[in-house]
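The exercises below are meant to be worked through with the sequence and the coordinates open side by side. Please try each task before reading its solution.

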Amino acid sequence: MKNFTIASLFLYAPFFLVILYRTKQLFEKIAQGTPVFDSQIVQQLQKISFWLYVYPLAPMIINPFLSALFTQSLEIKISLNTSLLFAIGVSLLLEVFKYGATLQYEVDETV
């Protein structure tokens, strides 16, 4: 195990907590009766999508600095993990919701 595991835990835990908080806000809006294809839901999904990209990319940026600080050697790793694939999937879902919100707006304006 690396020496900076605890340090990285404290650095990446806030990202995960922000994702959980944003997801909680999304489900609260849906529970309040906000239509699923609404601009508020799309905005919440955009915020979640952003943080889902930050979460797997942050270690690729921060870990080399932690490695240099604790082990005096520079170690750069670029990886494609499941968190990044999940972020891409949520981005695709976001596009579906954007299109649905556009269609919902057009239907509301026609009626």
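The exercises that follow concern a predicted model, and each task is followed by a solution in steps.

**Exercise 1. The nonpolar core**

Task: Determine which residues make up the largest nonpolar core, and which helices supply at least two residues of this core.

Solution: Begin with the membership, which comes to twelve residues in all: I19, L26, I41, V42, L45, I48, L52, A87, V90, L94, F97 and A101. Next, place these residues on the helices, where α1 (5–31), α2 (39–71) and α3 (82–110) each supply at least two residues of the core. Finally, take A101 as one of the members and list what this residue touches once residues up to four places away in sequence are not counted: the contacts are F37, D38 and V42. Of these, V42 is itself named among the core residues.

**Exercise 2. Aromatic pairs around W51**

Task: Classify the ring pair formed by F15 and W51, then the pair formed by F50 and W51, and state how exposed each of the residues is.

Solution: The count for the model comes to four aromatic pairs. In the pair of F15 and W51, the centres are 6.0 Å apart and the planes make an angle of 35 degrees, and the pair is tilted. This pair links distant parts of the chain, since F15 belongs to helix α1 and W51 to helix α2, with their positions 36 residues apart. For F50 and W51 the centres lie 5.2 Å apart and the planes stand at 80 degrees, so this pair is edge-to-face; the reason is that an angle over 60 degrees falls in that class.

Turning to accessibility, F15 counts as buried because its relative accessibility is 17%, and the limit for buried is under 20%. W51, at 22% relative accessibility, counts as partly exposed, and F50, at 48%, likewise counts as partly exposed. As a last step, the pairs can be joined: F15, F50 and W51 form one aromatic cluster.

**Exercise 3. Salt bridges within helices**

Task: Find how many salt bridges the model contains, and describe where the partners lie.

Solution: The count comes to two salt bridges. One of them joins the side chains of E28 and K24, with an N to O distance of 3.1 Å; both residues lie in helix α1, four residues apart, which is about one turn of the helix. The other is formed by K98 with E95, whose closest N and O atoms are 3.6 Å apart; here both residues lie in helix α3, three residues apart, again about one turn of the helix.

The accessibilities complete the solution. E28 is partly exposed at a relative accessible area of 36%, and K24 is partly exposed at 45%. In helix α3, K98 is partly exposed at 30%, and E95 is partly exposed at 44%.

**Exercise 4. A nonpolar surface patch**

Task: Identify the residues that make a nonpolar surface patch of about 340 Å², and locate V36.

Solution: The patch is made by F27, I30, V36 and F37. Of these residues, V36 has its place in the loop between α1 and α2. V36 is partly exposed, because its relative accessible area of 38% falls between the limits of 20% and 50%. F37, another residue of the patch, also appears among the contacts of A101.

How values were computed:
Residues are numbered from 1 along each chain as its sequence is written. This is a predicted model: local features need pLDDT of at least 70, side-chain atom pairs count only at pLDDT 80 or more; totals for chains, interfaces and linings use all residues. Side-chain values use heavy atoms; hydrogens and water are left out. A nonpolar core is a set of buried Ala, Val, Leu, Ile, Met, Phe, Trp, Tyr and Cys residues joined through side-chain atoms within 4.5 Å. Buried means under 20% relative accessible area, exposed over 50%, partly exposed in between (1.4 Å probe, protein chains only). Contact means heavy atoms within 4.5 Å. Rings of Phe, Tyr and Trp (its six-membered ring) pair if their centres lie within 6.5 Å; planes under 30 degrees apart count as stacked, over 60 as edge-to-face and the rest as tilted. A salt bridge is a side-chain nitrogen of Lys or Arg within 4 Å of a carboxyl oxygen of Asp or Glu. Patches are made of residues with over 30% relative accessible area and no salt bridge: like charges are joined within 9 Å, nonpolar side chains (Val, Leu, Ile, Met, Phe, Trp, Tyr) within 5 Å. Accessible areas come from the Shrake-Rupley method with a 1.4 Å probe; for residues, only the protein chains shown count as cover.
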